[in-house]
Amino acid sequence: MALVERIVETDARGYREVSLAYRVARAAMLDAVGASARTGRIACPGLDASRSDVAYGRCALPGTTAADLDAWSGALGVNRLGIKTVAYLSGPFWSTPLAFLRGRFDDRAVNTGFLRSLKRRTNTGILTTTVFDQDKLNGFVWAARPDLAGRPMTGAWLYSDEAACQYIDTTMMPAIRKHNAANADMSAGWLARRLGLFLSTFEMTSLLLGTLAQSIPPDPSAPSKVVDALHLRDLHDFYKYGLLPAVAEERLAAAGLLSFPPVHAPTG
């Protein structure tokens, strides 16, 4: 099978992403091994993706100690104290004091984690307690981008030229917050739902539209006015496969935390 080179391209808005040829071939390989069926465990999707070796053949977050979290957050430019707090709160409530004391969290026991209970299902539109849910991704994107309502956010469209320069960005946060609030656990009390929405908003602004995003001009005719944006292709691949956007991949690779396994063109 022919190897497909990893090439990073810059689109018309200045957003850097892997080439379509590489993206399509990589997705085909991951589909073949059932990567989308991985069970999300950690309530923070960035940590969850980085503690899985499915996408890259190794974990970008190699361990669960404070030193591991320091190296990972330092490479990505994430607030170190914030990410440690999220990690230590991801386990059962009874283990939280011990996690802070030891400076280590146990990611084998996070499915019923304390942080997940606080978030009350407001997981930026994606329930990380189960496998990838295409309908939930569709609903999340359609809430932020009503102009795309009814169009499935699948590779069939996203990996086409028609989906070039299609993003979610920080100007859409009010619609995203409204969507997340509407999809919270309505059996929870008002205060609990507000706390869940706060955590979900923090996740959006610090991760998806923060660390993983790139600054681009929403209007090419006004290049000095920029917003932080994430391409819909990267959003899809992040949640479905645990793949990071190209810029985040390069930061982790430069820190020695990530390497790129060979990608072969699909046959047939």
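**Helix packing and a few residues of interest**

Helix α7 crosses helix α11 in a right-handed manner. I'll start with that pair. Keep in mind that this is a predicted model.

Where are the two helices in the chain? α7 covers residues 134-144, and α11 covers residues 232-241. Their axes come within 11 Å of each other. The crossing angle is roughly 150 degrees. Angles over 145 degrees count as roughly antiparallel, so α7 is roughly antiparallel to α11.

Which residues make the contact between α7 and α11? From α7, we have Q134, L137, F140 and V141. From α11, we have L232, L235 and H236. By class, that contact has 5 nonpolar residues and 2 polar ones. It has no charged residues.

Second pair: α3 and α12. Helix α3 runs over residues 66-76, and helix α12 over residues 246-254. Their axes are 8 Å apart. They pack at an angle of about 130 degrees, and α3 and α12 are therefore oblique to each other. This crossing, too, is right-handed.

Now the side of α3 that meets α12. W72, A75 and L76 come from α3. A248, R251 and L252 come from α12. The contact of α3 with α12 divides into 5 nonpolar residues, no polar ones and 1 charged.

Next, helix α4, residues 80-88. Which of its residues are buried? They are I83, K84, V86, A87 and Y88. Look at the start of α4 as well. There, a side-chain oxygen of N79 reaches to within 3.1 Å of the backbone nitrogen of L81.

On to helix α1, residues 20-32. Two residues here deserve a look. R23 is in this helix, and A21 is found there too.

Take R23. Is R23 buried or exposed? Its relative accessibility is 1%. The cut-off for buried is under 20%, so R23 counts as buried. What does R23 touch, leaving out residues up to four places away in sequence? The list is E17, V18, Y159, R233, D234 and D237. With D234 there is a polar contact, side chain to side chain, of 3.1 Å. 

Now A21. At 51% relative accessibility, A21 counts as exposed. How far is A21 from A265? In sequence, they are 244 residues apart. In space, their C-alpha atoms are 8.3 Å apart.

One backbone point. Most residues other than glycine have a negative phi. C165 is not a glycine, yet its phi is positive, about 60 degrees. Where does C165 sit? It is in the loop between α8 and β3. That puts it after residues 155-158 and before residues 167-169. C165 is partly exposed, with a relative accessible area of 22%.

Finally, the whole chain. How many helices and strands does it have? The chain has 12 helices and 5 strands. Of its 268 residues, 50% count as buried. As for contacts, take those between residues at least 6 apart in sequence. Of these, 66% join residues at least 24 apart.

To recap the packing: α7 and α11 are roughly antiparallel, while α3 and α12 are oblique. And on α1, R23 is buried, whereas A21 is exposed.

Note on methods. Residues are numbered from 1 along each chain as its sequence is written. This is a predicted model: local features need pLDDT of at least 70, side-chain atom pairs count only at pLDDT 80 or more; totals for chains, interfaces and linings use all residues. Side-chain values use heavy atoms; hydrogens and water are left out. Axes are lines fitted to C-alpha atoms, for helices over the stretch in contact, and angles run from 0 to 180 degrees between N-to-C directions. Helices (H or I, at least four residues) and strands (E, at least two) are DSSP runs, numbered from the N terminus. Angles under 35 degrees count as roughly parallel, over 145 as roughly antiparallel, 65 to 115 as roughly perpendicular and the rest as oblique. A crossing is left-handed if the near helix is turned anticlockwise from the far one by less than a right angle, and right-handed if clockwise. Contact means heavy atoms within 4.5 Å. Ala, Val, Leu, Ile, Met, Phe, Trp, Tyr, Cys and Pro count as nonpolar, Asp, Glu, Lys and Arg as charged, and the others, Gly among them, as polar. Buried means under 20% relative accessible area, exposed over 50%, partly exposed in between (1.4 Å probe, protein chains only). A polar contact is a pair of N or O atoms within 3.5 Å; within protein, one must be able to donate a hydrogen and the other to accept it, and residues adjacent in sequence count only if both atoms are side-chain atoms.
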